[in-house]
Amino acid sequence: MGARSTSAKADSGMESVVSTEQQTVKAQLQATSGSKSDVNRSHNAWSIEKSEELYRITGWGEPYFSINAAGHVTVSPEGDRGGSLDLFDLVNALKQRNLGLPLLIRFSDILEDRIERLNAAFAKAIARYNYPGVYRGVFPVKCNQQRHLVEALVRFGKPHQFGLEAGSKPELMIALATLKTPGALLICNGYKDREYIEMAILAQQLGQTPIIVLEQIEEVPLVIEAGRKLGIRPILGVRAKLSSKGVGRWGTSAGDRAKFGLTVPEILSTVEQLSAANMLDSLQLLHYHIGSQISSIAVVKTAIQEASQIYVELAKLGADMKYLDVGGGLGVDYDGSKTNFYASKNYNIQNYANDVVAEVKEACDERKLPVPTLVSESGRAIASHQSVLVFDVLSTSEVPSGVPEPVQETEHLIIRNLYETYESITVENYQEAYHDATQFKEEAISLFNFGYVSLPERARAERLYWVCCEKILAIARQQEYVPDDLEDLEKIMASIYYINLSVFQSAPDSWAIDQLFPIMPIHRLDEEPTKRATLADLTCDSDGKIDQFIDLKDVKPVLELHPLQKAEGKSIKDESGTHPSSLIPHPSPEPYYLAMFLGGAYQEIMGNLHNLFGDTNAVHIHLTPKGYEIEHVVKGDTMTEVLGYVQYDSEDLIESIRQQTELALREKRITLQESQLLLQNYERSLSRYTYLSA
Ligand SMILES: *Cc1c(COP(=O)(O)O)cnc(C)c1O
């Protein structure tokens, strides 16, 4: 972090040097129209089905997201059961209401559908295995604490007595005030002090069902004492450190050395302490959490087997066991591959519910014990799908491409070598040609450094190198097997699309832990995306980029995108793709919208203010029979707000500028008009969005 990006802008000095060649290159491109008409042909052959396959939208988006005949992404919050709306049209309509991009759209109906699905899956499993108990899920507030979302969730969960899980004191404050569903559980996890414990116990008197989960052995005497002092019997649980581990990034949430939970000896000690205090009947719940995004169903199974045994043993020891809480971990298929790859999962919600229900029933039946109420703390699986982050592309930067001007006898040897390399590239020698081109380019730079090559010559050499790479890449893409040394070529040649977004604010897990989120354009999907690009965000940080994208196998380093269009609907590339000045980011007159999907869990609260890009605008959309309703608008941070976080007062800032202008006026360094313009801009900016407006 912190390293300044060396953007392509640094090379923009080349523009004036080589722009005279622009016309020639263009003429040649038109003359050798072979490659262009190929592009046109494949353009015609493109279809929305191809876009579906390319962006894998069915894999990760079903049943909520798909593509309509207009080539726009559509949102069907209730799957096949309800209506749908055109995401592109929605964004345009919201923009007209002064809701600029980046824009976070929350579809409350999707949230409702996720809750319905999870509860339906457990209901089905319970029926299938004749499980003589019930399921009472809870939502872990840490996944998304936004008030409108938590309130909606509690409302949607009411028919299922869906509860909340708090992992900290502030989250407990939210849960205590928000959860009013009779019979719903309030699972109290996280580190606790006396105040936390007392609040949780007293909430029983409000008619709530708080369960204090002991995560540390030190909490045991605290709850015993608090219960005694208040004269209220608390409902207690223990969090077990299972020896079955999760896999992948969050695998270390379990195991003997995990951060949370009690080891088996500690659980036994808890039983003894409670027993001695005559409170063993308070112990009613066993909880475990083996990590988030469990990609393999085998891991789910092993954990529930181990936990079931601990559960029945606790009952045998005399605890009044009533609940088994399997924690979170229910995965989301970010890449749509349905595999145990870390960005995917090889099971569905029904498989998950079936395994939990079946294993617990078996363990209890064997010991002839009553079955527990089953609890899960699925956060990611509930909250991810409901939000869609839409952002626009500001400009692009591309490496030179096209057909080079023929070499002259009089040109420098190194340029002649590069040109010959270019001319001689074939399927047979493309790998060798790549090494030659690379070597000649490096030589050209050395020669330049020693003064033997002029600046225009160096520019010509670099452009020749890039067009060599372009030709080689075109061949490499046709091959089944690409030699290792050419693997990076796709990345080297990728365009950079500058996006109106901060990765640090809106997709922190993409930056911090390389998490993959599906990203795709939300329109022009009936058109072939001829560009391959990485995404660069607004921050001045070279880590502020996205260069890993979902793929069927593994990940891909570039994303297929459409060339930006001029306002008349004409592709910018058609006019100046071969223009060397394409190293300078193009302005983007015709909006091009991308969206990041499945980011509804964890991203919002973990986002940070790097470079002072603040919260994005957010809207809550509810589908109605006639269209949609904007339930809530949560305006993103203004400059005044983000500056306030770092203790700047906007009045003071304005005053400082005002005094400077006064001084400059007195010394006649600025005109009155200029000073007013500066002040107006400054003041206006303070109340504006931190992102760029088109
Ligand atoms: C984070 C967490 C969850 C949520 O996990 P998901 O994988 O998002 O479902 C549940 N329980 C506990 C204790 C957690 O820490």
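Angles over 145 degrees between helix axes, taken between N-to-C directions, count as roughly antiparallel. With that cut-off in hand, one helix pair of this predicted model can be described. Helix α17 (residues 430-449) and helix α18 (residues 455-478) have axes that come within 10 Å and cross at roughly 165°, and α17 and α18 are therefore roughly antiparallel to each other. The crossing in which α17 passes α18 is left-handed. On the α17 side the meeting residues are Y430, A433, Y434, A437, T438, K441, A444, I445 and F448, while α18 brings L455, R458, A461, E462, Y465, C468, C469, I472, I475 and A476 to the contact.

**The chain as a whole**

The protein chain contains 26 helices and 23 strands, and of its 694 residues 55% are buried. Among contacts with a separation of 6 or more, 76% are between residues that stand 24 or more positions apart.

**A second helix pair**

Two packed helices are described by the angle between their axes and the distance between the axes. For α7 and helix α14 (residues 349-366), that angle is about 45° and the axes are 8 Å apart, which makes α7 oblique to α14. The crossing of α7 and α14 is right-handed. From α7 the contact draws on R114, R117, L118, A121, F122, K124, A125, I126 and R128, and from α14 on I349, Q350, Y352, A353, N354, V356 and V357.

**Cysteines**

How many disulfides does the structure hold? The structure holds zero disulfides. C469, one of the α18 residues that meet α17, is in no disulfide, and the nearest cysteine sulfur, which belongs to C468, is 6.8 Å away; a disulfide would need the two sulfur atoms within 2.5 Å. C469 has a relative accessible area of 0% and is therefore buried. C364 also counts as buried, because its relative accessibility is 1%.

**Helix α4 and what covers it**

Helix α4 spans residues 48-55, and in this helix I48, S51 and Y55 are buried. Seen down the axis of α4, these buried residues fall within an arc of 50°, so they line one face of the helix. An α-helix has 3.6 residues a turn, so residues three or four places apart point the same way. The cover over the buried residues of α4 includes α5 (57-61) together with the strands β1 (65-67), β15 (519-521), β18 (549-550) and β20 (559-561). Directly after α4 comes R56, whose phi is positive, near 60°.

**Backbone features in loops**

Two peptide bonds that precede a proline are cis: the bond joining E62 and P63, with omega about 0°, and the bond from L101 to P102, with omega near -5°. P63 lies in the loop between α5 and β1, and P102 lies in the loop between α6 (87-96) and β4 (103-107).

Positive phi values in residues other than glycine occur at N130 and at N611, and the table sets out both residues.

| Residue | Phi | Loop | Relative accessibility |
|---|---|---|---|
| N130 | near 45° | between α7 (108-128) and β5 (138-140) | 59% |
| N611 | near 60° | between α23 (603-606) and β22 (617-624) | 34% |

Are these two asparagines exposed or partly exposed? N130 counts as exposed, because its relative accessibility is 59%, whereas N611, with a relative accessible area of 34%, is partly exposed.

**A buried strand residue and its surroundings**

A595 has its place in strand β21 (residues 593-596), and with a relative accessible area of 0% this alanine is buried. Which residues are in contact with A595, leaving aside its neighbours within four places in sequence? The contacts are V388, L389, V390 and F391, along with P518, I519, M520 and I522. Of these contacts, I519 and M520 fall within the residue range of β15 (519-521), a strand that is also part of the cover over the buried residues of α4. The C-alpha atom of A595 is separated by 9.4 Å from that of L104, although A595 and L104 are 491 residues apart along the chain.

How values were computed. Residues are numbered from 1 along each chain as its sequence is written. This is a predicted model: local features need pLDDT of at least 70, side-chain atom pairs count only at pLDDT 80 or more; totals for chains, interfaces and linings use all residues. Side-chain values use heavy atoms; hydrogens and water are left out. Buried means under 20% relative accessible area, exposed over 50%, partly exposed in between (1.4 Å probe, protein chains only). Helices (H or I, at least four residues) and strands (E, at least two) are DSSP runs, numbered from the N terminus. The arc is that of the directions from the helix axis to the C-beta atoms. Contact means heavy atoms within 4.5 Å. Axes are lines fitted to C-alpha atoms, for helices over the stretch in contact, and angles run from 0 to 180 degrees between N-to-C directions. Angles under 35 degrees count as roughly parallel, over 145 as roughly antiparallel, 65 to 115 as roughly perpendicular and the rest as oblique. A crossing is left-handed if the near helix is turned anticlockwise from the far one by less than a right angle, and right-handed if clockwise.
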